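The following exercises concern a predicted model. Each task is followed by a solution in steps.

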Amino acid sequence: MTTDLPKPPPHPKQLGEADLLDGWIVGESHFYLLRVQYEDTDAGGIVYHSNYISFAERARSACLRCLDIRQEDALAALQGGDETAVMLVVRRVEVDFVMAAGLGTPLCVETRMLKLGGASMKLQQTITNFENGHILARLLVDIGCVAPNLDGGKRPRRMPSVLADRLRQALSD
């Protein structure tokens with residue numbers, strides 16, 4: 001099964017080279033490209049199964065940067081004692097491994113938001129072979145919004161409206 005994947009802008013200068021590293025948004029989807037490196041594979045040159053989760057994590061972080069949501073800023077605020085700072089953390093991941101990718105394969109990770117709640121969201125991520133569109137893995141990811149606690153723990157917290165609005169405007173109907 002193949003799909004038609006949106007191509008990146010024809011020239012990196014359209015977005016700025018650093019911005020293109022974080023992928024692009026078309027419609028309600030974020031697209032992130034990467035290539036399978038030697039370190040991603042097992043002795044047979046096939047992507048080790050847990051690396052699909054790592055690829056999806058990179059794409060989620062890049063998607064947030066495309067929306068000007070900087071996790072590094074939130075982390076710095078938390079470390080600085082800002083009690084209003086929040087983090088988005090993975091609560092649950094469900095993975096369906098469909099087909100293996102090998103060394104050198106160009107991949108595209110598509111991220112779509114399925115649901116946005118007060119303190120959570122559900123994402124669907126599809127990892128495909130960028131050359132032929134074959135689906136390699138599908139992930140359903142539950143994300144929670146948390147705030148720091150005085151004892152060092154984290155507790156669920158409603159997403160700040162600016163964060164929820166950016167997510168809603170860019171990635172939903």
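**Exercise 1.** Determine whether strand S6 (residues 135-148) is enclosed or open, and identify its pairing partners.

*Solution.* Step 1: residues under 20% relative accessible area count as buried. Eleven of the 14 residues of S6 meet this criterion, so the strand is largely enclosed by the rest of the structure.

Step 2: consider the partners in turn. S6 runs antiparallel to S3, joined by ten bridges, and leucine 139 of S6 lies opposite valine 95. With strand S5 (residues 120-129), the antiparallel pairing extends over nine bridges; here isoleucine 143 in S6 faces methionine 121. Strand S7 (residues 154-156) is also antiparallel to S6, through three bridges, and its proline 156 is the bridge partner of valine 146.

Step 3: inspect the connection between S5 and S6. This hairpin has five residues between the strands, and glycine 133 adopts a positive phi near 80°.

**Exercise 2.** Characterise the largest pocket and its lining.

*Solution.* Step 1: the volume is about 340 Å³. Among the 18 lining residues, Ile69, Arg70, Ala74, Val86 and Leu163 are the closest to the centre.

Step 2: assign the lining to elements. Helix H3 (71-79), strand S3 (87-97) and helix H4 (161-171) each contribute at least two residues, and H3 has the largest share, with four.

Step 3: by class, the lining comprises eleven nonpolar, two polar and five charged residues.

**Exercise 3.** How many disulfides does the structure hold?

*Solution.* Step 1: the count is zero. Step 2: for cysteine 66, the nearest cysteine sulfur, that of cysteine 63, is 6.5 Å away, whereas a disulfide requires sulfur atoms within 2.5 Å.

Definitions and conventions: Residues are numbered from 1 along each chain as its sequence is written. This is a predicted model: local features need pLDDT of at least 70, side-chain atom pairs count only at pLDDT 80 or more; totals for chains, interfaces and linings use all residues. Side-chain values use heavy atoms; hydrogens and water are left out. On a 1 Å grid over the protein atoms alone, a cavity is a set of points where a 1.4 Å probe fits but cannot get out, and a pocket is an open set with protein on both sides within 12 Å along at least five of seven lines; lining residues have an atom within 4 Å of a point. Grid points are joined across faces, edges and corners, and a volume is the space filled by probe spheres set on the points. Ala, Val, Leu, Ile, Met, Phe, Trp, Tyr, Cys and Pro count as nonpolar, Asp, Glu, Lys and Arg as charged, and the others, Gly among them, as polar. Buried means under 20% relative accessible area, exposed over 50%, partly exposed in between (1.4 Å probe, protein chains only). Two strands pair if DSSP finds at least two bridges between them.
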